[in-house]
Each structure stands twice: as C-alpha cells, then as structure tokens.
Amino acid sequence: MSEKSQTVETKNPLGLSTIPSVSSEGLVPVGRRTSLRSYLAALWNRRHFILAESRAKMSGSTRKNLLGYGWLFLNPLLSVLAFWFIFGFILQSSRGIDNFLGYLVIGVFFFQFTGKSMTGGTGAIRSGASMIKGFQFPRAALPISVVVRNFLDFIPTLAVMIVLILVLPDLEVITWRVVLVIPVIILQTIFNVGLACLLARIGHKIPDLTNFMSIVSRFWLYGSGVFFSIEDRLSDHPLLLAAMQFNPMHSYLTIVRNSLLYGVDTDPWLWFVGIFWAFGLLIVGFLFFWRGEESYGRI
Amino acid sequence: MAESELQEPNIIAENVQVRYTVNTNDPSQRAKGLRRLTNAVAGRAGQTTVRALRGVNFVAREGEMVGIVGANGSGKSTFLRNVAGVEQPDRGRILVRYQPLLLGVSAALQPALSGSENVRLGCLAMGLSPDEAAEAFDYVVELSALGSAIHRPMGTYSSGMGARLRFAIALAARPKILLIDEALSTGDATFAERSERAMDELLAEAGTVLLVNHAAKVIQELCTRAVWMHRGEILMNGPAEAVAEKYRWWAWNVAKGKEDIADKLLADVVSNAVKEEINILEPELISNPIPRHAARQTKQKMVAARHVKRQHEVDEVEETPTPMLAAAEEQVWPRSFDDEMPKAKFPSLPKPASQAVSAPRISDAPPLRLNPSKKRVVLRAANPSDRASSVAAADDFTGRRLASRARQIADERYKERQRLRQEDNAPAVHQDSGR
C-alpha cells in the first residue's frame, strides 16, 4: 500500500491545476451493457440464484396453503377430473377424436406451460421492478426465472397427467415413442425462454401489452388445436390450415399426442417447425432483450 | 478520524443528469389540444418533467465514507441508484472500480421464507456461489444477531430485525463499494456498534461507503466527508462536521418555520458554492498525453515517415558515416524554408466535464465484481464469546483475515470514534438522567 501514497492527486498533463483531476484508470462505467460473451457468463454465474429464486417464489406461494406442495399435484388432478366430468360424462363428446380425454388433457397442460410463460414474461420486468432497482444482475435472469418457475410447476402436472393417462380406462398405444416427450419438453422450454425474453422487453416498453396478452393467448389456444383437431375444422380453409402448419404449439402438441397416446411416428415437418421455432426465437428474443439491458432500470 | 493513505478514486460521477417524465394533476401543467383528449382517454391529467439530478460531479476515494444529506426529494436516492448502476443517467457518466452494492438486497428476499433461507437467497442474489453462501451464513447470523429468530419466516420480523438481516446479508458479499440509503437508523445500539465495525473493515480494505441519512449526527460521527444535495445539485462538499452542521442549522430553521433565515442560509451556501468540476484523465491520456483523435490527423504522414525511417535504417546498414552526417545536417538546417515544416503536436485539452456526454463504450470490459478477489468471507464478531470469533480463530475455514495494515486502520477508526463519543456523552449524562 505504500506505493499508493505517492499518487495523491494525479497531475494533469497540461498543468492546469484549477480543476481537480482524477485518473480514471481501472474504472469502468457502471451498469453498462456488457458484451454478449460476458453477459452470458454473468448469467451463467447467476444460475443458482435463478433456480433458488424460482423455487422460493413457488414455495412462497404454496406455503400459505394448508396442503402446501400438495396443490402442485392436486391442481392438475382436479382439472383432469373436471374435464372428464364435462366432456366424458355429461357431453359424451369425442368430436371424432380417439381418446378425446387424453387429447384434451395433453393439449391443456402443455399449452398452459407456454401460456403462463408468455403472460409471466410480459410482466417480468414490471414484477421484478424492486429487484432491478435493488441490485445489479443480468436482467435476462427475470424472464428466464419466469420460465423456470413455470417449468417447476409443470413437472408435477406432467407426472399426474402421465399417471392418469395410464390409469384412466382408455386405449393408449404405449410404444418406445413415449421417450420422445422429453425432447419436446426441452424444445418447448427453449421456445418459452425466447418468447419470455422477447415479450419482456416489449412489455416493458408498452405496459398495455399485459392486457392484450391474455386475448392473444386465447386465440393461440384455439389456433393450436387444444380442444379440437384443426385439421378437421379448417379443412375448408386451406390457406388458414397451411398457416397453422407453422404454429410451433401445434407441432409440440401433435408430437406429444402422437408419441404418448397413439404410438405413431410424427411428420418430420412438425419436428422441423418445432426445432426451428425453439432455437430461432431463443436467439432473436435473447438478443432483443440483451440490447435493451440498460433501459430496464427506468420503470 | 484516522488518516487514510488510500487515495485512488473508487467512484467518479461526471455531470450526471437525470430527468423523469411523470404524471401530474397540477392544473397549470395541463396539456392542450389533442394531447388533452388523449390524456383524458388514458385517465391522466398531464405530464411533467422532473429534473432529479442536474449535473452532479462527485469523486469518492478509497477508504472514504461520504455522507449525503439533503431535504426529501433532493435527489439523494436517485444518485445512489445511478451509482449502483441499476439506472442509467440521461447525461454524464459514472465510473466505478468495483460493482457498488446498494443496500437493497431486500428486493430478492421472500417474506414467506425463513430468515436462514433468505440468507442463502440473498447471498446468491449478490452473485455468491452456493458454497460461498454456505460459508457466509455464519457471518450473517452473527452480524445480524437474530438468534433463533433466523429460523422464523422473514415476514414475521420487526422492521429493525429485517433491516439487520438485510445489512448483514449485504456485507456477507464483502462489497468494496457500499451504498446505504437510510438503513441503519432502524437498528438498536448493539447492532449499530456491530455494523459500524463491519463498515470500518470495509473502509480499511480500500472500500468506499456512501451513506444517506437525515440525522446529521450520524453523518458527523461516521463519515469522513459529507455532501449536501439540494434540488439535484451538490451545494456543499467538505468535511463531515462542517457540512452536517450547516445542513442541520438550515433544516432546523425550515422545521421551525423560519423560512427567511433558512432562505438566507441557503443563499449564503449557494453563493459560496463552487460549481465543482472534475477533470477525468483517461488511462491512455495519462500514458500518452496526445489523444488518439489528435494523432489520427497525421496518420497519413506517419506512414510516409515510417517509410523514410526504414530507408534510413538501410542506410545505416551500409555503414557510410559521411552521408549520415549530411542527412543530420539536412534535418537541422533545411535548405529552403518553402518546404512544409513538420507540424508540432500539441496535446489537445481534455474535454470539460460539461461537454462529455457519455463514456466510450468499452466493448469487452471485464465484468464488474463486488470485490476484486474471490477470497473468502471474514468472520468477525464484536463479542469475543460469539461463535463467529471462535470460528475466526480457525483460520482456514474463515478465509481471509484483514491485512494487518487494514486491520490497524479499522481499529484506529473505531478507537477514534469511541473517544469522540465519550467526549460527547460525558456532559450529556446529566441531561439523560434528568429526562
């Protein structure tokens, strides 16, 4: 420390001493957007926090209930029962679909995962405002944490769903293709991260989007064939049907149903659409979010 | 206060300006024309621009604890947020040596979780790894002195207990720059003691603390320097005693409704205020006083010059002394003065602070850290019978002890403050007992 004592006041090279001079050596602007590489590194360093924060939020919300974590399983169980009661028992409708209950349950739960990530991602900056104002961290942790939280919610739902599909009296064709559900979930999670990042920045710019998102989500829900097969319904609108073939959610749902319920191979085109959307949106959404990094402090 | 030898700047704020556009229902600010219609649809009366910071120049050096005083709404908290980097100023720039830590980790804490779970969460939020967070746990428990309450949900804590836990978590990361926004006022006496010692250690390790507090006494006791902010500007900057005293006198007059005296005081301070400017020397400017943009103009000529020089070297190889001398003579006395003389290079003036708009983007700056090293957390408690002290004795688990010199500075600061307190308290005892 003795060598530091000599540099009490750094001399101005011009000798103008009326204005005090300080050396900015070793100092960097604070809160600036860093290069993509170091941003990703910082994000990776915060992975423990993202996970811990998501779990804390989840258990924080469940702990107030008497049954606690039990609701993570009870919730999907009760909704399947409701669906079975309405569609299977009262309406007795199958709408020309084999194993309609399984079809419906897969559609609803898998769509919910993306739908919640979408609405959560839109409000991620706003709901994380206190954290953003509180301390410095890569802001992409917020939309990612939304997806992680929904993913943690989704896992017990998925377990309940698979058990119910096996237990409920219906004819499933169980083949090796069941394992294909895992890559689909991975693809869908990647897609959700991209979507949440993209919407987080737009939602920060335009706060009104949160109102709009629930409507978009509903349109998308029907457009992805959650309650009915869009191939049947849109058979007389070939243009609309062709557009639907690019819908990533339709791809994910169809692949899961084919693999889990019907035990048949899926059109490679659907796999391509699913993979393309997942990685395409991840890159676009993440870069878009990263470019707005410095603006999120102002809310 | 013990004189610190550490003088390198840790924070430089240059012409920081912040303005917010906010809604207002002030009738005089009401919009006109079409704007008024859209505002009516949106349900707001009008908008106004608030200048929260109007060109703040500020330097904080190593080992300094700077108090910031000022009335409500004078821009103190905005300034701290900008220094912490959670917000970007509209104009100007802020340079820091380490990532400053705003005492606001509370944002990451969950009231439904227990204190101990929140310690882990808060440590992870500051970028500690899970192992480091586990090691810091004992330190946090000891510093916060919460006892068994650490296992209860944080939502059940009193406000003072919550503040203690938050402060302890913030210090667990061993930040080098700590920004405190009126957080210490809630703790009780024992905690105040502990927190002051913890901050002494931070300062002794070449750290910097910015402390916003309304109690001028706290500023006088703790800080080496103080800054009085008023309406987004720094009015006064000087020794903590003097600035806090002036501020206290002004605030007392305002509180008592003696507006004329207060205004006079303020006018006096303003008239004496020197608009502080700082001249930031860029690192490359220090090593090479000719800035890059000045050198760039002669780049074309530089290339030619290098070419000539290379030829000259070739000449040297031939080892013919006479042409060399002739060449040297030629350089000193050009035959004709019609040739263009080589231009003298003058170092251009560094930009004044008011003209600097933003810092050059450092594309691959190293990521800022809370502290420079990955070293472990110091576990030290005020009370020797505490568990943390015994843990501290086992050196390898506790990690870094303070460097002896830093330790000495911290102890000197502590003793000095104790002495001042005793001087203060000695005559005050009678008043207290009489109350």
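Colleague: Which residues point one way from strand β7 of chain B, and which point the other way?
Modeller: This is a predicted model, in which local features need pLDDT of at least 70 and side-chain atom pairs count only at pLDDT 80 or more, while totals for chains, interfaces and linings use all residues. Residues are numbered from 1 along each chain as its sequence is written, chains are lettered from A, and ligands are numbered from 1, both in the order in which they are written. In β7(B) (a strand is a DSSP run of E, at least two residues, numbered from the N terminus), both sets are buried. One way point B:Thr208, B:Leu210 and B:Val212, and the other way B:Val209 and B:Leu211.

Colleague: Why is β7(B) largely enclosed by the rest of the structure?
Modeller: A residue counts as buried if 20 or more other C-beta atoms, placed from the backbone, lie within 10 Å of its own. The strand covers residues 208-212, and it is largely enclosed because the buried residues number five of the five.

Colleague: How many bridges join β7(B) to strand β3 and to strand β6 of chain B?
Modeller: Strands pair if DSSP finds at least two bridges between them. Both β3(B), residues 65-69, and β6(B), residues 177-181, run parallel to β7(B). The bridges number four for β3(B) and five for β6(B).

Colleague: Which residue of β7(B) is the bridge partner of B:Ile68?
Modeller: This residue of β7(B) also has B:Asp181 standing opposite. The bridge partner of B:Ile68 is B:Val212.

Colleague: What percentage of the residues of chain B count as buried?
Modeller: Chain B has 16 helices and ten strands. Of its 435 residues, the buried share is 40%.

Colleague: How far does helix α2 of chain A reach from its first C-alpha to its last?
Modeller: A helix is a DSSP run of H or I with at least four residues. The 16 residues of α2(A), 47-62, have an expected span of 22 Å at 1.5 Å a residue, taken over one less than the number of residues. The reach is close to that value, at 23 Å.

Colleague: Which helix of chain B helps to cover the buried residues of α2(A)?
Modeller: The buried residues of α2(A) include A:Phe49, A:Ile50 and A:Ala52. Their cover includes α7 (141-167) of chain A, together with a helix of chain B, α3 (115-125).

Colleague: Is the crossing of α8(A) and α13(A) left-handed or right-handed?
Modeller: The axes (lines fitted to C-alpha atoms over the stretch in contact) of α8(A), residues 181-205, and α13(A), residues 268-291, come within 7 Å and cross at roughly 30 degrees. That makes the two helices roughly parallel, a term for angles under 35 degrees. The near helix is turned anticlockwise from the far one by less than a right angle, and the crossing is left-handed.

How values were computed:
A residue is buried if 20 or more other C-beta atoms lie within 10 Å of its own, exposed if 12 or fewer, and partly exposed in between; C-beta atoms are placed from the backbone. Two residues are in contact if their C-beta atoms, placed from the backbone, lie within 7 Å. Axes are lines fitted to C-alpha atoms, for helices over the stretch in contact, and angles run from 0 to 180 degrees between N-to-C directions. Angles under 35 degrees count as roughly parallel, over 145 as roughly antiparallel, 65 to 115 as roughly perpendicular and the rest as oblique.
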